[in-house]
Every structure is written in structure tokens, then in C-alpha cells.
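Here are some short exercises to work through with the model open beside you. Try each task on your own first, then follow the solution step by step.

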Amino acid sequence: MALGAYELMTVHLGDRLGLYRALAGRDGTTEAELAGAAGIDERYAREWLEQQAVAGILEVDDQGADPAARRYRLPDAHAEALTDPESLAYMTPMARFAAAFGGVLPAVEDAFRTGGGVAWEDFGALGREAQAEANRPLFANLLGTEWLPAIPDVDERLRAEDSARVADVACGAGWSSIGIARAYPAVQVDGFDLDEASIELARANAAEAGVGDRVRFHVRDAGAEELAGAYHLVTVFEAIHDLSQPVAVLAAMRRLAAEDGTVLVMDERVADAFAAPGDEVERLMYTYSILCCLPAGLADTPSAATGTVMRTDTLRRYAEEAGYAGLEVLPIEHEVFRFYRLHP
Ligand SMILES: C[S@@+](CC[C@H](N)C(=O)[O-])C[C@H]1O[C@@H](n2cnc3c(N)ncnc32)[C@H](O)[C@@H]1O
């Protein structure tokens with residue numbers, strides 16, 4: 001357990017310092033070449049290369065050679081997981097999360113004592129980027145090709161030539177909004193998030209993806225009473241459990257939806273009831289809850305204090321309190337996420 005945690009930190013360093021990117025696609029790299037390419041100290045380069053090889057992440061050709069002459073190689077499959085931000089195999093955001101959680105651990109310790117919270121902004125750029133990059137491959141590869149097409153009436157409306165309007169609530173760095181716009185060339189998307197830094201990142205991401213003219217981002221509290229509209233699709237991806245006021249946000253989503261509009265929630269695929277010991281998804285969600293989502297939700301008062309492990313019955317209760325007539329679990333299969341359609 002400790003070994004996994006420590007090695008994950010060395011992966012984080014390799015990512016942040018650009019070491020994997022410097023190694024990828026090259027037919028062997030020496031410590032001096034890595035140090036030169038990434039702009040790091042050569043002694044540290046040697047130690048990191050040896051450690052990564054010992055951990056089985058890098059291959060080394062000539063183990064018996066003088067350390068300075070050894071050539072290290074990043075296998076293609078490992079390069080994909082460590083350097084390709086749109087690959088479904090991309091794993092470095094998990095290491096970034098670990099670093100972000102480590103940074104706020106003293107504040108979380110305090111929060112455990114006081115019952116207070118740790119604001120999402122306090123997780124800093126590492127937390128923001130980890131969240132954005134962890135979900136980016138899913139939104140780039142699955143959202144517009146599998147998930148939304150699995151809801152035929154929604155898919156049909158988004159394909160229509162008269163531009164459908166989509167509201168993406170708590171959009172973070174905007175990859176879900178961008179994924180929808182890329183998949184459906186006529187749609188117009190408005191993304192809303194409270195966090196200014198996330199919205200700045202989202203605007204830059206949309207411009208770089210070439211959809212800045214159809215995807216607009218707004219710094220807005222998604223629970224604001226004045227929020228209303230006539231959107232054909234209103235989405236919230238992996239955020240309801242983080243919100244201090246989930247009922248207010250779900251009620252606002254109802255107001256944002258047009259009369260025939262659809263409200264779609266994606267959240268964690270946790271078990272229907274507490275059971276211990278749990279499977280790996282349940283264990284992962286509880287760690288997120290303790291290290292991030294529960295403290296983030298408790299940063300405001302009053303708070304529903306949901307935590308990451310939001311069971312279907314909890315969401316159903318929030319939806320009822322927000323005035324919805326019903327909640328439908330959609331038949332979309334994913335290891336970590338579950339999809340809900342809320343009926344107005
Ligand atoms: C776990 S992140 C999810 C971001 C994004 N949907 C994704 O899938 O990567 C939760 C987001 O909820 C946002 N948030 C929290 N409270 C909010 C509120 N009242 N209104 C709008 N956004 C809010 C946070 O700023 C954060 O970006």
C-alpha cells in the first residue's frame with residue numbers, strides 16, 4: 001500500500017517535470033539526455049531513471065553498463081497511459097490528485113476536528129487540473145459517441161440542424177461542454193461554474209479545441225434563484241455530490257430546461273447500500289470523499305454534506321425535494337459512473 005503511494009508520487013514528478021514526455025517516442029535516452037531535454041539536474045535524472053526502471057515503468061537496455069551510459073526506454077503502452085491526455089488509458093491525473101490531496105491534508109485534519117470544510121479552490125491548480133484531466137478522455141471519447149447516443153431522443157435533438165441549446169452545470173474546465181460541441185456540430189453550449197480559475201481554463205480549452213464560437217463559459221453559482229432558460233439539454237457531470245446545496249442546483253437545472261428539455265446527471269457508480277468490505281470502486285470513492293469531496297462540500301454553510309458516496313436513493317430524495325416527478329437510471333454502462341435522467 002505504502003509502495004503504491006510513494007511510487008505514485010514519483011509518477012507525479014515525472015509528469016510535472018516533463019520526464020515522460022521527454023522519454024516518449026525515443027529509442028533510448030541517457031541520464032544526460034533526459035536532464036538536457038527536461039531541464040533538470042543530472043544526478044536527480046539518474047536516480048529517477050533507476051527508480052522508474054526498478055518499478056517496471058521504464059525498460060533499461062544495458063543494466064551492467066556505467067550508469068551514465070545506460071539507455072532507458074518508455075514502452076509505448078506506458079507512454080500512452082502517462083502522456084496522452086485524450087487516451088482512455090491516461091492515468092497521470094490520479095497522481096496529480098494524490099499530490100493535491102497531500103497539499104491540503106493539514107487543512108482536512110483540522111476540518112475533521114472542527115466540522116468545517118476545505119474549499120475546492122484550496123485544492124489549487126493541481127486539484128483543478130487533476131479533475132479536468134481525469135474526465136477529459138471520457139468526454140472526448142465516450143460522451144458524444146456512446147453516452148448521449150444511448151438516449152435516442154436527446155441524441156436526435158442534438159443532431160438537428162436548428163441549433164439545440166445545452167447548459168452544462170458545474171462544468172469545471174469545460175471538457176464535457178467541449179466534448180458535446182465536438183460531437184454535435186450545430187449545438188450551442190453554455191457552461192456554468194462558480195470557480196473563476198476553472199472558467200478561465202475552460203475558455204482557453206474551448207478556444208484551443210476550435211469550438212470557442214459555440215461554447216461559452218460563465219462564472220455563476222448554479223444554485224442561483226434567477227438562473228432560468230430554455231435549454232434542450234441540461235447536464236451536470238460528477239458534481240452533484242460536491243455541492244453544498246444540491247437541491248437548489250437541481251431546482252435551477254429544472255428551470256434551465258425547456259418544456260421538452262432533458263436533465264441529465266452523471267455521478268459515481270457506488271453501491272446501493274453500505275457494505276464492508278467494498279469493491280475497488282467503493283474504496284476509491286470513499287478515499288475521494290474523505291480527502292476532497294466531503295471537505296469541499298462542507299466549505300459552505302449550510303451544507304447537505306453529501307460526500308462522494310452519493311447513493312441512488314440520496315439523489316432520488318434530492319430530486320424529489322427539487323420538485324422533479326421522477327428519476328430514471330439510464331442503461332449506460334461505465335465502470336465508475338452512473339447516469340440519471342430526471343423527469344420534470
Ligand atoms: C468535481 S468538479 C466537476 C467538474 C466537471 N463537471 C468535471 O466533470 O470535470 C465539481 C465542480 O463543481 C463546481 N461547483 C461547486 N459548487 C458550485 C455551484 N454552486 N455552482 C456552480 N459550480 C459549482 C466546482 O467549482 C467544480 O468545478
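A residue counts as buried when its relative accessible area is under 20%, as exposed when that area is over 50%, and as partly exposed in between. Keep in mind that this is a predicted model.

**Exercise 1. Two aromatic pairs**

Task: Describe the ring pairs Trp 120 with Phe 123 and Trp 147 with Phe 339, and decide how covered their members are.

Solution:

Step 1. A pair of aromatic rings is described by the distance of the centres and the angle of the planes.

Step 2. A search through the whole structure turns up eight aromatic pairs. In one of them, Trp 120 and Phe 123 lie 5.7 Å apart from centre to centre, and their planes meet at 35°, which makes the pair tilted.

Step 3. Now apply the cut-offs. Trp 120 has 24% relative accessibility, so this residue is partly exposed. Phe 123 has 4%, so this one is buried.

Step 4. Turn to Trp 147 and Phe 339, another tilted pair, with 4.8 Å between the centres and 55° between the planes. Trp 147 belongs to helix H7 (residues 124–147) and Phe 339 to strand S9 (residues 337–343), so the pair ties together parts that are 192 residues apart in sequence. Trp 147 and Phe 339 are both buried.

Step 5. To finish, place Trp 120 and Phe 123 in a wider setting: together with Phe 97, Phe 101 and Tyr 288 they form one aromatic cluster.

**Exercise 2. Following the parallel strands**

Task: Starting from strand S3 (residues 165–169), trace which strands pair with one another and name a bridge partner for each pairing.

Solution:

Step 1. On one side, S3 pairs with S4 in the parallel sense over five bridges. Asp 168 has Gly 191 in S4 as its bridge partner, and Arg 165 is matched in S4 by Gln 188.

Step 2. S4 (residues 188–193) then pairs, again in the parallel sense and over five bridges, with strand S5 (residues 215–219). Here the bridge partner of Phe 192 is His 218 in S5.

Step 3. Go back to S3, which also pairs with S6 in the parallel sense, over four bridges. Val 166 stands opposite Leu 233 of S6, while Ala 167 has Val 234 as its bridge partner there.

Step 4. From S6 (residues 231–237), six bridges lead to strand S7 (residues 257–268), and these two strands run parallel. Tyr 231 has Ala 257 in S7 as its bridge partner.

Step 5. Check how covered these strands are. Four of the five residues of S3 are buried, as are five of the six in S4 and seven of the seven in S6.

**Exercise 3. Helices between strands**

Task: Find the helix that belongs to each of the β-α-β units built from S3 and S4, S4 and S5, and S6 and S7, and give the handedness.

Solution:

Step 1. Between S3 and S4 comes helix H9 (residues 175–183), and the unit is right-handed.

Step 2. S4 and S5 form a right-handed unit with helix H10 (residues 196–208).

Step 3. With S6 and S7, the helix is H11 (residues 246–256), and this unit is right-handed too.

**Exercise 4. Charges over rings**

Task: Which rings lie beneath Arg 136 and Arg 165?

Solution:

Step 1. Arg 136 lies over the face of Trp 175, 4.1 Å from the ring centre.

Step 2. The charged end of Arg 165 sits over the ring of Tyr 231, at 4.2 Å from its centre. Both residues appeared in Exercise 2, where Arg 165 was matched with Gln 188 and Tyr 231 with Ala 257.

**Exercise 5. Around the ligand**

Task: Which residues come nearest to the ligand, and which polar atoms lie beside its oxygen and nitrogen atoms?

Solution:

Step 1. There are 18 residues around the ligand, and those that come nearest are Ala 170, Asp 193, Asp 221, Ala 222 and Phe 237.

Step 2. For an oxygen atom of the ligand, look at Gln 131: one of its polar side-chain atoms lies 3.0 Å away.

Step 3. For nitrogen, look at the backbone. A backbone N or O atom of Leu 194 lies 3.3 Å from a nitrogen atom of the ligand, and for Phe 237 the corresponding distance is 2.8 Å.

Notes
Residues are numbered from 1 along each chain as its sequence is written. This is a predicted model: local features need pLDDT of at least 70, side-chain atom pairs count only at pLDDT 80 or more; totals for chains, interfaces and linings use all residues. Side-chain values use heavy atoms; hydrogens and water are left out. Buried means under 20% relative accessible area, exposed over 50%, partly exposed in between (1.4 Å probe, protein chains only). Two strands pair if DSSP finds at least two bridges between them. A crossover is right-handed if, with the strands pointing away from the viewer, the path from the first strand over the helix to the second runs clockwise. Rings of Phe, Tyr and Trp (its six-membered ring) pair if their centres lie within 6.5 Å; planes under 30 degrees apart count as stacked, over 60 as edge-to-face and the rest as tilted. A charge sits over a ring if NZ of Lys or CZ of Arg is within 6 Å of the ring centre and within 35 degrees of the ring normal. A residue is near a molecule or strand if one of its heavy atoms lies within 4 Å of it. A polar contact is a pair of N or O atoms within 3.5 Å; within protein, one must be able to donate a hydrogen and the other to accept it, and residues adjacent in sequence count only if both atoms are side-chain atoms.
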